[in-house]
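I set out to record, entry by entry, what I looked up in one protein model. The sequence and structure come before my notes.

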Amino acid sequence: MNKASDNRDFSRFLLDLYLNVSAVDRDGKGFDEKIELQDISGGGAKFVTEKYEKYFSGQLLDITIFLPETKDVGGYMKTKATVVRIAQHNISGKSNQSGTYVVGVKFMTHLHFEKTENKNTLYLFRFLI
């Protein structure tokens, strides 16, 4: 039994969260992308993008993961990561007709939690996506 998941240091968890990626592409142009997180582990994460041409192996990313709010607290986690994998996104074995790609990243720093003072910012973010 030699599956990729058997070789992982951490278990992966499916989460319904949004993230913001800030980076510099191959042409030296900065970009931001707000997208949905597909899964996360103690060492990395995976997300789906239509802008796969902006990403490349070894690229440094600034990642902000927006957390669900309660009436008492809102917040997000920040980290730096590097791209370790880019592949066509196949849903349930079907071919990639949507033009989306999966980007796998490895965290370079620990996730750092920051509390938001104005929780309306996160609600606004969710509606803009």
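The entries below go from the whole chain to single residues and then to charged pairs.

**Entry 1: the whole chain**

I noted at the start that this is a predicted model. I then looked up the secondary structure and found one helix and eight strands. Read from the N terminus, the order of the elements is β-β-β-β-β-β-β-β-α. I also looked up the burial of the 129 residues in the protein, and buried residues make up 36% of them. The protein exposes about 8500 Å², and carbon and sulfur atoms supply 52% of that area. For contacts with a separation of 6 or more, I recorded that 61% are between residues 24 or more positions apart.

**Entry 2: Ala45**

Is Ala45 buried or exposed? I placed the residue first: Ala45 lies in strand S4, which covers residues 44–49. Ala45 counts as buried because its relative accessibility is 4%, and the cut-off for buried is under 20%. I then listed its contacts, leaving out residues up to four places away in sequence; among them are Arg12, Leu37, Asp39, Ile40 and Phe107. Ala45 also touches Val103, Gly104 and Val105. I looked up one further distance: Ala45 and Val83 are 38 residues apart in sequence, and their C-alpha atoms are 9.7 Å apart in space.

**Entry 3: Gln59**

Where is Gln59 found? I located Gln59 in the loop between S4 and strand S5, the latter being residues 60–66. Gln59 has a relative accessible area of 1%, so I entered Gln59 as buried. Not counting residues up to four places away in sequence, Gln59 touches Ala23, Val24, Asp25, Phe31, Lys54, Ala81, Thr82 and Val83. One of these partners, Ala81, is 22 residues from Gln59 in sequence and 8.2 Å from Gln59 in space, C-alpha to C-alpha.

**Entry 4: salt bridges**

How many salt bridges does a search of the whole structure find? I recorded four. Side chains of opposite charge can pair when their charged atoms come close.

I looked up Lys54 and Asp25, whose side chains meet in a salt bridge at 3.5 Å, N to O. This pair links distant parts of the chain, with Lys54 in the loop between S4 and S5 and Asp25 in the loop between strand S2 (18–24) and strand S3 (30–40), 29 residues apart. Lys54 counts as partly exposed because its relative accessibility is 23%, whereas Asp25, at 8%, counts as buried. I noted again that Gln59 touches both Asp25 and Lys54.

I turned next to Lys80, which forms a salt bridge with Asp62, the closest N and O atoms being 2.4 Å apart. This pair also links distant parts of the chain: Lys80 is in strand S6 (residues 75–88) and Asp62 in strand S5, 18 residues apart. Lys80 has 36% relative accessibility and so counts as partly exposed. Asp62, at 34%, counts as partly exposed too.

**Entry 5: a network**

Which residues are linked with Asp39 in a network of salt bridges? I found that the network links Arg12, Asp39 and Lys46. Within it, the side chains of Asp39 and Lys46 meet at 3.3 Å, N to O. Asp39 counts as buried because its relative accessibility is 5%. I closed by returning to Ala45, which touches both Arg12 and Asp39.

How values were computed. Residues are numbered from 1 along each chain as its sequence is written. This is a predicted model: local features need pLDDT of at least 70, side-chain atom pairs count only at pLDDT 80 or more; totals for chains, interfaces and linings use all residues. Side-chain values use heavy atoms; hydrogens and water are left out. Helices (H or I, at least four residues) and strands (E, at least two) are DSSP runs, numbered from the N terminus. Buried means under 20% relative accessible area, exposed over 50%, partly exposed in between (1.4 Å probe, protein chains only). Contact means heavy atoms within 4.5 Å. Accessible areas come from the Shrake-Rupley method with a 1.4 Å probe; for residues, only the protein chains shown count as cover.
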